[in-house]
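Morning, everyone. I have one structure to show today, and I'll keep it brief. Here it comes.

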Amino acid sequence: MAQKVAVLGTGKIGEALLSGMIRGGWAPCDLLVTARRQERAEQLRTRYGVEAVSNAEAAKAADTLILTVKPQDMGTLLTELAPHVPADRLVISGAAGIPTSFFEERLAPDTPVVRVMTNTPALVDEAMSVISAGTHATAAHLTLAEEIFSTVGKTLRVPESQQDAATALSGSGPAYFYFLVEAMTDAGILLGLPRDKAHDLIVQAAIGAAVMLRDSGEHPVKLRENVTSPAGTTINAIRELENHGVRAALIAALEAARDRSRELANGN
C-alpha cells in the first residue's frame with residue numbers, strides 16, 4: 001500500500017486492526033504504532049515488524065492516523081497531536097461517542113476526520129465497523145477507511161447522526177449476546193446439564209442461528225416461526241420471555257447505551 005498508516009494507542013482493538021492490515025496487504029514498513037508503555041511498544045515492534053514511535057512522530061510521518069485510545073483520553077491526545085498534524089492528514093477516530101466536530105475544533109482547519117465504531121469481534125476478523133464522514137472527509141477518505149477496517153470484518157456507512165444508535169446496537173452488541181449465553185448456560189445447569197455441555201450446546205446454537213440469519217435472507221420472525229410448532233416447547237418459552245418483558249428490556253437497554261454514547265460526546 002502507498003499509504004503510511006499509524007495506529008495510536010495500540011491496545012487490543014488497535015492490535016487486531018494492525019494484524020488485519022498486514023494480512024490484508026499493508027507492508028509492515030508502511031505501518032507505525034504508538035503505545036503508552038515502552039514494553040508494549042517493543043512487543044508490537046517484535047511481533048509485527050512495525051516501527052514504534054511517539055505520538056508526535058506518528059503525526060508527522062503518517063498519511064493516516066487511527067486514534068484508538070479511550071474516549072476519556074482523546075482530548076489529551078489531541079492536545080499533544082495538534083501542533084504536528086498537517087491539514088492534509090486523514091484522522092480516523094475509533095472512540096465511542098465522540099463526534100467528528102470534537103476533532104475538527106482541535107486540529108488544523110479543514111482536517112478530514114472519519115468516525116468509526118467497530119467492535120471486539122475484530123479480534124477474530126468478524127467485526128462490524130460503522131463509518132461516518134466528518135465535514136471535510138471525502139468519498140476517497142471513506143473508501144480508505146473501509147479498506148482498512150474491512151481487513152477485520154464488515155463495514156457499513158451511516159450518517160454521523162446515526163452513530164450513537166450504531167454504537168448501542170453494534171459496538172456494544174457482542175456484550176448482550178455474551179450476557180444471553182451466560183444466562184442460558186445457567187438455565188442449562190438448572191435443568192440438569194453440566195456447565196461445559198450447556199455452554200457447547202448454546203454456543204453452537206448461536207453460531208448456527210447467526211449463519212442462518214446472515215445467509216438465508218429470511219426475516220428473523222420467519223426463522224423463529226420455523227422453530228415454533230403449535231403447543232410445542234419453543235412457544236412456551238417464547239410466552240415466558242414475553243411475559244417477563246424481555247423485548248421491552250432489550251429496547252430500554254439499547255436506549256440507555258445510546259444515551260450514554262451521547263453523554264460521552266459531552267465529556268460526562
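Which residues does UniProt list for "domain: Pyrroline-5-carboxylate reductase dimerisation"? The entry, which is unreviewed, gives residues 160-264. Keep in mind that this is a predicted model.

What does the chain look like over that range? Residues 160-264 are 82% helix and 0% strand. The C-alpha atoms at the two ends of the range are 15 Å apart.

Now, salt bridges. The structure holds 18 of them. I'll go through three.

Start with Arg40 and Glu15. Their closest N and O atoms are 2.8 Å apart. This pair links distant parts of the chain. Arg40 sits in helix H2, residues 38-48. Glu15 sits in helix H1, residues 12-23. That puts the partners 25 residues apart. Buried or exposed, these two? Both Arg40 and Glu15 are buried.

Stay on helix H2 for the next one. Arg45 and Glu42 meet there through their side chains, 2.4 Å from N to O. Both lie in helix H2, 3 residues apart, which is about one turn of the helix. How do they sit relative to the surface? Arg45 has 38% relative accessibility, so it counts as partly exposed. Glu42 is at 33%, so it also counts as partly exposed. The cut-offs here are under 20% for buried and over 50% for exposed.

Third pair: Asp164 and Arg115. The closest N and O atoms are 3.4 Å apart. Asp164 belongs to helix H7, residues 163-171, and Arg115 to strand E6, residues 113-117, so the salt bridge ties together parts that are 49 residues apart in sequence. Asp164 is buried, and Arg115 is buried too. This pair has company. Which residues make up the network? Salt bridges with shared partners join Arg115, Glu160, Asp164 and Arg262 into one network.

Last stop, the surface. Phe177, Tyr178, Leu180 and Met184 form a nonpolar patch there. Together they have about 460 Å² of accessible area. Take Met184 from that group. Where does Met184 lie? Its place is in helix H8, residues 173-190. Why does Met184 count as partly exposed? Because its relative accessibility is 41%, and partly exposed covers the range between the 20% and 50% cut-offs.

To recap the pairs: Arg40 and Glu15 are buried, and so are Asp164 and Arg115. Arg45 and Glu42 share helix H2. That's my tour. Over to you.

Note on methods: Residues numbered from 1 in each chain as written. Predicted model: local features only at pLDDT ≥ 70, side-chain atom pairs only at ≥ 80, totals over all residues. Heavy atoms only, no water. Patch = residues over 30% accessible without salt bridge, like charges linked within 9 Å, V, L, I, M, F, W, Y side chains within 5 Å. Areas by Shrake-Rupley, 256 points an atom, 1.4 Å probe, with all protein chains shown as cover. Salt bridge = Lys/Arg side-chain N within 4 Å of Asp/Glu carboxyl O. Helix = DSSP H or I, 4+ residues; strand = E, 2+ residues; numbered from the N terminus. Buried < 20%, exposed > 50% of the residue type's maximum accessible area, 1.4 Å probe, protein only. UniProt positions renumbered as here; feature names shortened; annotations may be inferred.
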